[in-house]
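Q: I'm new to this one and would like to learn how to read it. Could you walk me through it, feature by feature?

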Amino acid sequence: MVFMYRLVKAKTFRLLTSPVPVPYISRQICSGLLSIRKMNGGKDSASEDSISGRANSTSLCRDFAGGAAIKLRPSPDCIDRRECRGAVETSSNSLGVRHGSFGKRRSMIDLRSEQRSGDGNSSKFRNKNIPARVKRSKSGQSYRKPDEGANHVAPFDICLSGSRDSTVLKSLQEMEENQENVEHPIEESGGQGVLRPGMVLLKRYISLGDQIEMVKTCREIGLGPGGFYRPGYKNGAKLRLQMMCLGLNWDPETRKYEDQSPADGCKPPCIPRKFNQLVETAIQDAHGLLGKDCTLSNVEDMLPAMSPDICIVNFYTTTGRLGLHQDRDESSESLDKGLPVVSFSVGDSAEFLYGDQRDVNKADKVVLESGDVLIFGGKSRHIFHGVTSVIPDSAPKALIEETRLRPGRLNLTFRQY
Ligand SMILES: O=C(O)CCC(=O)C(=O)O
Ligand SMILES: [Fe+2]
């Protein structure tokens, strides 16, 4: 009896003092295995290719030495960004970009609100020398965790926090149904068509569904390594926009393309393959428009085709703007050939100026609306251009409801280095 009592007491003691109950441990291992299987065989891994363009990508990233391109390498290198100054905990699997998908509707609205920078000016406090640690959240998204005590600011979030209205899906469906050609509606509306030799505007070209996915994808990438920050010029002045570069990083301070972001030292994320496909189709459709002019024997003489390996993503709040400038930091080969810049506008409309001189009074003006694609190459490759104002409350309602994009405008410009 005494022996039995001691035995029971000893077992009970061991159970009570054991740090983790055995059945609990095995449950954890099982669920771990389950989630690994799900990631490898389920939708998540299938979606990797669609966003990173990894498997069949034609996009290339460059190695730079002292600012000069020395060799081209395939896109997986721009996904594996472990070399970035602070992303010590990043593995190729942990980058949110690889788990997102352009084609897959996944809500990004529940991302951690405490990681948000709040307003368009906060990234000016980001200390270039303080690394941001990249962590992975339960949902598989990567985000930066500010180091203890560091004066670090998380990337700018182009979307607002909060839940989505349940009526939104309905209004989205209605809008899609009302679009005559959901794929690429080329309408004969104001400003549409050839603005000048080599400059073509495709009005409301990007479908609402694609605009929504574009915002969600940019948000997801923009919150990770190499994400949105507020860049500055050499003289210390800040640009009136938030920027993120894909493929290669363009630094307004050095006016050079480099393979790391000055904000966090990370390699620029890759351009999602779906973005590149849209660019290529837009150029083909622009050629279709140019081809209507019977005097042109070869449309490519006026507007060469290109495969983008750089995408500069700008987000302008309603007070954002961009002074008149030329895009001339791509390779001299690209510039000499007149390979075009292709610009996507999403969100609020903006007044866009363009002309042959850096003079606002001599420039022409066009309003770029959500879904518009502007292409300038050939003889127009070196035009001066800029954004004078963003028109508040002009974005499609369903876009805002579905994405909670902040008031302002998202602009993506694609180029070939
Ligand atoms: O926002 C725009 O429409 C133009 C952006 C631009 O010119 C640039 O990023 O170089
Ligand atoms: Fe530009």
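Q: Let's start with a single residue: is Tyr 417 buried or exposed?
A: Keep in mind that this is a predicted model. To call a residue buried, you look for a relative accessible area under 20%. Tyr 417 comes out at 16%, so it counts as buried.

Q: Which residue does Tyr 417 form an aromatic pair with?
A: For aromatic pairs, you look at how far apart the ring centres are and at the angle between the planes; over 60 degrees counts as edge-to-face. Tyr 417 pairs with Tyr 257: the centres are 5.7 Å apart and the planes make an angle of 85°, an edge-to-face arrangement. The two come from distant parts of the chain, with Tyr 257 in strand S9 and Tyr 417 in the segment after strand S17, 160 residues apart. Tyr 257 has 2% relative accessibility, so this partner is buried.

Q: How many aromatic pairs does the structure hold?
A: There are five. Another one is Phe 156 with Phe 315: their ring centres are 5.8 Å apart and the planes sit at 35°, so this pair is called tilted. Phe 156 is in the loop between strand S4 and helix H6, while Phe 315 is in strand S10, so the pair ties together parts 159 residues apart in sequence. Both Phe 156 and Phe 315 are buried. You can also look for a cluster: Phe 275, Phe 344 and Phe 414 form one.

Q: Now helices. How many residues does helix H7 have, and what does it reach from its first C-alpha to its last?
A: The general idea is to set the span of a helix against what you'd expect at 1.5 Å a residue. H7 covers residues 208–222, which is 15 residues, and it reaches 21 Å, close to the expected 21 Å.

Q: How many of the residues of H7 are buried?
A: 15 of the 15, so H7 is largely enclosed by the rest of the structure. One of them is Asp 210, which has 12% relative accessibility.

Q: Which residue forms a salt bridge with Asp 210?
A: With a salt bridge, you check a side-chain nitrogen of Lys or Arg against a carboxyl oxygen of Asp or Glu, within 4 Å. Here the partner is Lys 274, with the closest N and O atoms 3.2 Å apart. This pair links helix H8, where Lys 274 sits, to H7, where Asp 210 sits, across 64 residues. Lys 274 is partly exposed, at 26%.

Q: How many salt bridges does a search of the whole structure find?
A: It finds 16. Among them is Glu 369 with Arg 204, at 3.7 Å from N to O. Glu 369 is in the loop between strands S14 and S15, and Arg 204 is in the loop between strand S6 and H7, so this bridge ties together parts 165 residues apart in sequence. Glu 369 is partly exposed at 26%, and Arg 204 is partly exposed too, at 33%.

Q: What about Arg 381: which residue does it form a salt bridge with?
A: Glu 330, and the closest N and O atoms are 2.8 Å apart. Arg 381 lies in the loop between S15 and strand S16, and Glu 330 in the loop between strand S11 and helix H10, so the bridge joins parts 51 residues apart in sequence. At 1% relative accessibility Arg 381 is buried, and at 5% Glu 330 is buried as well. Salt bridges can also share partners: Lys 203, Arg 204, Glu 369 and Asp 372 are joined into one network that way.

Q: Which residues are around ligand 1?
A: To read a site like this, list the neighbours, then look for polar contacts. The neighbours include Asn 314, Tyr 316, Phe 352, Asp 327 and Arg 415. Three side chains place a polar atom by an oxygen atom of the ligand: His 325 at 3.1 Å, His 385 at 2.9 Å and Arg 409 at 2.8 Å. Taken alone, ligand 1 exposes 290 Å², and the protein buries 94% of that.

Q: One last residue: is Asn 235 buried or exposed?
A: Exposed, at 67% relative accessibility. You'll find Asn 235 in the loop between H7 and strand S7. A polar atom of its side chain lies 2.8 Å from the backbone nitrogen of Ala 237.

Technical notes: Residues are numbered from 1 along each chain as its sequence is written. Chains are lettered from A and ligands numbered from 1 in the order in which they are written. This is a predicted model: local features need pLDDT of at least 70, side-chain atom pairs count only at pLDDT 80 or more; totals for chains, interfaces and linings use all residues. Side-chain values use heavy atoms; hydrogens and water are left out. Helices (H or I, at least four residues) and strands (E, at least two) are DSSP runs, numbered from the N terminus. The expected span of a helix is 1.5 Å times one less than its number of residues. Buried means under 20% relative accessible area, exposed over 50%, partly exposed in between (1.4 Å probe, protein chains only). A residue is near a molecule or strand if one of its heavy atoms lies within 4 Å of it. A polar contact is a pair of N or O atoms within 3.5 Å; within protein, one must be able to donate a hydrogen and the other to accept it, and residues adjacent in sequence count only if both atoms are side-chain atoms. Accessible areas come from the Shrake-Rupley method with a 1.4 Å probe; for residues, only the protein chains shown count as cover. Rings of Phe, Tyr and Trp (its six-membered ring) pair if their centres lie within 6.5 Å; planes under 30 degrees apart count as stacked, over 60 as edge-to-face and the rest as tilted.
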